[in-house]
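Student: Could you take me through one part of this protein in detail? I would like to look closely at a sheet and what surrounds it.

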Amino acid sequence: AVMREERIKKTKTVCTYCGVGCSYDIWTKGRHILKVEPLNGDANAISTCVKGKFGWDYVNHKERLLKPLIREGNTFREAEWEEALTLVASKLGQIKQQHGPDAIGVIISSKATNEDGYVMQKLGRAVIGTNNVDNCSRYCQSPATMGLFRTVGYGGDSGSIEDIGMSKLVLIIGSNTAESHPVLATRVKRAHKLFGQKLIVADPRKHEMAERADIHFSPKPGTDLVWLSAMTRYMFDHGYAKNDFIAKWVNGVDDYRKSLDLFTMEFAAEVCAVPLQTLIEVAEVIAHADTMCVLWAMGITQHVMGSDSSTAISNLLLTTGNYMRPGCGAYPLRGHNNVQGASDIGAMPNNFPGYQPVTDAAVRQKFEAAWGVTLPPKNGMDNHQMIDAVYDGKMHAIYMAGEDMISADSNANHVAGGFERLEFLVVQDIFFTETCRYADVVLPASPALEKEGTFTSTERRVQRLYQALPELGNSRADWKITQDIANRMGANWNYTHPSEIMAEMAPLTPLYAGVSFDRLEGYKTLQWPVTPDGKDEPILYTERFNFPDGKAKFYPLEYRKPSDSPDEEYDLFLNNGRILEHFHEGNMTHRVAGIFKETPERWVEISPDLAKERDIDSGQWVRLTSRYGSLKIKVLVTARVTGKQIYLPLLSQEGPVNVLTGSFTDTATDTPAFKETAVNMQVLPEK
Ligand code: SF4
């Protein structure tokens, strides 16, 4: 709406940082952002965190990419769109001709809109002809999705953020919720403080939620499946399992119970290094809670058993009847603003939009009819496999949007080697990221404030954002760039607004069937699945689970050891994650002056015991070395970590944490085992 003073404008938008999905009005004058004003967003009411409130200066930062860049030897030169797009289209076409469509990979941004993502996966599938399509949930949340697919059928939060506030018991595992999902954490803090909600936190680190918890315990990293399975067995053994619920709603109980034989509380106490009494106490609280929500994040998923541990959480929820009611359920906390949406819209190597398998002939025919092409019938490669395929000589080109793989994937050196060998790399982004250094063509995209579209938050909530600012310089919305590439490769797409993209996707995608821009006008939102007449589902499972007979499934599990753990040479366990003020690798928040000023430095947290053992104090420089790489950083001594566990934010002054992390991955999804890294620490002379 144009306000009385001509040039002051307020525009409704959705936060571009985490997956909570806070929405608010943003007041602008010209390109100046005057203020952020949350009115009554469905996820956040009138709250935001520091990033949502103050984290916007990056959109006007002098380092924004304003023109396409084309590599010339070791440097880049600026180019006009026409030249850059023609080069990209002709080179991709040529590689397709020479090596086949599967020699090309498409990596889609989980920060861009659903509409941006939809056209990009369509480019991969319908124009290039490959299912080599993926997004960054491969680095974080794919295991959570897998755990839920296996047991309840949909890869999404089973209730709403509101339910978390209503629950009698919240169990947080491997999530630094107060810093990573601050507004959601506020609901828990409030319910815990004011309404008697119980809070249990399982985490190696004593972060804010752990400090607040009624019970905090620290399982040995990589052993969560064991204590979770032992809890479940305890429910069966002590008559706490909800047998009526199980009989009516869950298949496979007999086989599952047999699979629990190994998982006694005594076994869990030993493997997880948690006192037996604590485990029993936790089990008793769970057994007696009327309703329980389990929140988890990368502390669970970024392990070789990430999918299995996520499955174990869902098994426990099924055993205790904590699905199908308000205040219950599974809440994998999505990292980026549109991680949920990127997977929903088909940025996956095995699924069309709405998790419809590419291997299903009937589904394929539906998309073939709609898109007027023949589609590839085999699953494609995920982004991890794409890099390995470069080394094998099978992957020749990658087109990547809004993804800084060099800073975000594990084992940065391996990824860099892959990019160096790649014949053609196109990176579409708002800044010249580390990954851009390896590109042949860099395309300047527009951030959220400069475009229209929808995001889908962690609670499956689809929300609309409106354009607050014009596109800066020659930068453009991602969907426009992708459409121009597609048309130069022979397609004939004519989208003029993202609403037309959603109008194409919705009828092809049962989960989004009733989603339209009209139904999302202003602050209106919809939580999928949305029926064609526009009815949505705040609680995901009310009348059935998402399997043909409507019943959920118990999924038996086995325990395997972590891929890396401390030994004589690498004697410390390295944990890593976000901090409140900065987002992931910092490409955006490092360019917000106010935020950067508050937290210019990074550190590695070490325990008072370790500091004493090495005779060092806060401010001391050290070198951390893993089996894969090494970096230099300052020490912060804090009781947040104990013993030989240390904690590193995702980005340090001397490089991202993935210099240290290795190539092991979750066995079911290829998500890197970021949280399984042993390092040693050398004290450096300088202080
Ligand atoms: Fe944005 Fe997440 Fe903060 Fe909300 S909690 S304002 S979505 S970063």
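Tutor: Happily; here is the sheet, then a helix beside it, then the domains.

This is a predicted model, where local features need pLDDT of at least 70, side-chain atom pairs count only at pLDDT 80 or more, and totals for chains, interfaces and linings use all residues. Residues are numbered from 1 along each chain as its sequence is written.

The sheet is open and has 7 strands in the order S5-S4-S18-S17-S16-S6-S7, with mixed pairing. Strands here are DSSP runs (E, at least two residues), as helices are (H or I, at least four), numbered from the N terminus; two strands pair if DSSP finds at least two bridges between them. Strand S5 (75-78) and strand S7 (133-135) are at the edges with a single partner strand each, so one side of each has no neighbour in the sheet. From one strand to the next, the twist averages 20 degrees.

Now look at strand S16 (residues 397-401) and strand S17 (residues 424-429): they run parallel and are joined by 5 bridges. Here Tyr399 stands opposite Val426 in S17.

Helix H3 (residues 114-128) lies across strand S6 (104-108), S7 and S16, at about 170 degrees to S6. Such angles run from 0 to 180 degrees between N-to-C directions, with axes fitted to C-alpha atoms, for helices over the stretch in contact; contact means C-beta atoms, placed from the backbone, within 7 Å.

For the wider setting, the domain assignment, automatic or from a database, gives domain 1 (69-139 + 340-511), domain 2 (146-333) and domain 3 (572-683). The C-alpha centres of domain 1 and domain 2 are 35 Å apart, and their contact takes 6 residues from domain 1 and 6 residues from domain 2.

How values were computed. Contact = placed C-beta atoms within 7 Å.
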